[in-house]
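Visitor: Got a minute to walk me through this one? I'd like to go over the surface, the packing and the charged pairs.

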Amino acid sequence: MTTSGSDYPVRFDADYPESPSRLLALLGVLFFIKGLLLIPHIIVLIVLGLASVIVAYIGYWAVLITGRYPEGMFNFVYSVSRWSSRTDSWMYGWTDKYPPFTLGEGDYPARLDIDRPDASSRVLSLLGVLSIPFLIVYSLKMVLLIPHIIILMVLGTVTLVVSYIGYWAVLITGSYPQGLHNLILGVQRWEYRTTAWLFGLTDRYPPFSLS
């Protein structure tokens, strides 16, 4: 597995938690309880996620016709991903700061940054257009992501196990193991890059990398 994604136009990072809360770690050990606290975010993100799929599909058509991803559409899809990344970060215990209900940037210890391209590929947008309308997860672009999907399914399972171990570590020792933090962060970074490529936010095929 290579580690050559540092110059990729989609970047995700999260501050290492110096003094994580044992109380929140306990809620993480009782996994469903911490999940319950995120229900308001989950509901909003379901709605925003569906909207971002529709916007991304329209964005494909815009690129096909004009060669550029409309800035407003790009920012909306990007902002939904950023909201999701903050919610994930809190759930994984990287931060004790409850995620804000906002599409804006704000000051949060988890940061997703995506560079907007000056121009986008019409060929790749065509692969996105050739899908069940508004369901770009069934597009030809998704076929090209099959290797990533297979690996991320495995890594996703590993992440769940590792994050649970992390909660126990915080509960017992009061600190989050640096290695576990870096591993989960790398998997999430890989996932956000793959999603960004699928949604047309970048034309650079995502690297097989945790870095």
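Guide: Sure, and keep in mind that this is a predicted model. Let's start on the surface, where Leu23, Leu26, Leu30, Phe32, Leu36, Ile39, Ile42, Ile43, Ile46 and Leu50 make up a nonpolar patch with about 970 Å² of accessible area together.

Visitor: Which helices supply at least two residues of that nonpolar patch?

Guide: Helix H1 (22–29), helix H2 (31–37) and helix H3 (39–66) each do.

Visitor: And which one gives the most?

Guide: H3, with five residues in the patch.

Visitor: Take Ile43, then. Is Ile43 buried or exposed?

Guide: Ile43 sits in helix H3. Its relative accessible area is 52%, so it counts as exposed, the cut-off being over 50%.

Visitor: OK, switching to packing. At what angle do H1 and H7 pack?

Guide: About 145°, with the axes of H1 and helix H7 (residues 146–173) 8 Å apart. The crossing of H1 and H7 is left-handed.

Visitor: Which residues make the contact?

Guide: On the H1 side you have Arg22, Leu24, Ala25, Leu26, Gly28 and Val29. H7 brings Tyr164, Tyr167, Trp168, Val170, Leu171, Ile172 and Thr173. Leu26 turns up in the nonpolar patch as well.

Visitor: What about Thr87, buried or exposed?

Guide: Buried, at 6% relative accessible area. Thr87 is in helix H4 (residues 71–91). If you skip neighbours within four places in sequence, Thr87 is in contact with Leu38, His41, Leu45 and Pro99.

Visitor: Same thing for His181: buried or exposed?

Guide: His181 is buried, with a relative accessible area of 2%. You'll find His181 in helix H8 (residues 178–198).

Visitor: What does His181 touch?

Guide: Not counting residues up to four places away in sequence, His181 touches Ala14, Asp15, Tyr16, Pro17, Trp94 and Tyr176.

Visitor: Now the charges. How many salt bridges does the structure hold?

Guide: Four. One of them joins the side chains of Arg204 and Asp7, at 3.6 Å from N to O.

Visitor: Where do Arg204 and Asp7 lie?

Guide: Arg204 is in the segment after H8, while Asp7 is in the segment before strand E1 (10–14). They are 197 residues apart in sequence, so the pair ties together distant stretches of numbering. Arg204 is partly exposed at 41% relative accessibility, and Asp7 is exposed at 52%.

Visitor: Which residue does Asp13 pair with?

Guide: Arg189, in a salt bridge whose closest N and O atoms are 3.9 Å apart. That pair links distant parts of the chain, since Asp13 is in strand E1 and Arg189 in helix H8, 176 residues apart.

Visitor: Arg189, buried or exposed?

Guide: Arg189 counts as buried, at 13% relative accessibility. Its partner Asp13 is partly exposed, with a relative accessible area of 36%.

Visitor: You listed Asp15 as a contact of His181. Which residue does Asp15 form a salt bridge with?

Guide: With Arg111, and the closest N and O atoms there are 3.0 Å apart. Asp15 lies in the loop between E1 and H1, and Arg111 in strand E2, so the bridge ties together parts 96 residues apart in sequence. Both ends are partly exposed, with Asp15 at 38% and Arg111 at 32%.

Visitor: Any residues worth a look in the loop after E2?

Guide: Try Arg116, in the loop between strand E2 (110–114) and helix H5 (122–129). Arg116 is partly exposed, at 28% relative accessibility. Leaving out residues up to four places away in sequence, Arg116 touches Arg68, Tyr69, Pro70, Glu71 and Phe74.

Visitor: How far is Arg116 from Leu180 in space?

Guide: 31 Å, C-alpha to C-alpha, with their positions 64 residues apart in sequence.

Visitor: And Ala119, what does that touch?

Guide: Ala119 is in the loop between E2 and H5 too. With residues up to four places away set aside, Ala119 touches Gly67, Arg68 and Asp203. Arg68 is a contact of Arg116 as well.

Visitor: How far apart are Ala119 and Thr202?

Guide: They are 83 residues apart in sequence and 9.6 Å apart in space, C-alpha to C-alpha.

Notes: Residues numbered from 1 in each chain as written. Predicted model: local features only at pLDDT ≥ 70, side-chain atom pairs only at ≥ 80, totals over all residues. Heavy atoms only, no water. Patch = residues over 30% accessible without salt bridge, like charges linked within 9 Å, V, L, I, M, F, W, Y side chains within 5 Å. Areas by Shrake-Rupley, 256 points an atom, 1.4 Å probe, with all protein chains shown as cover. Helix = DSSP H or I, 4+ residues; strand = E, 2+ residues; numbered from the N terminus. Buried < 20%, exposed > 50% of the residue type's maximum accessible area, 1.4 Å probe, protein only. Axes fitted to C-alpha atoms, helices over the stretch in contact; angles between N-to-C directions. Left-handed = near helix turned anticlockwise from the far one by under 90°. Contact = heavy atoms within 4.5 Å.
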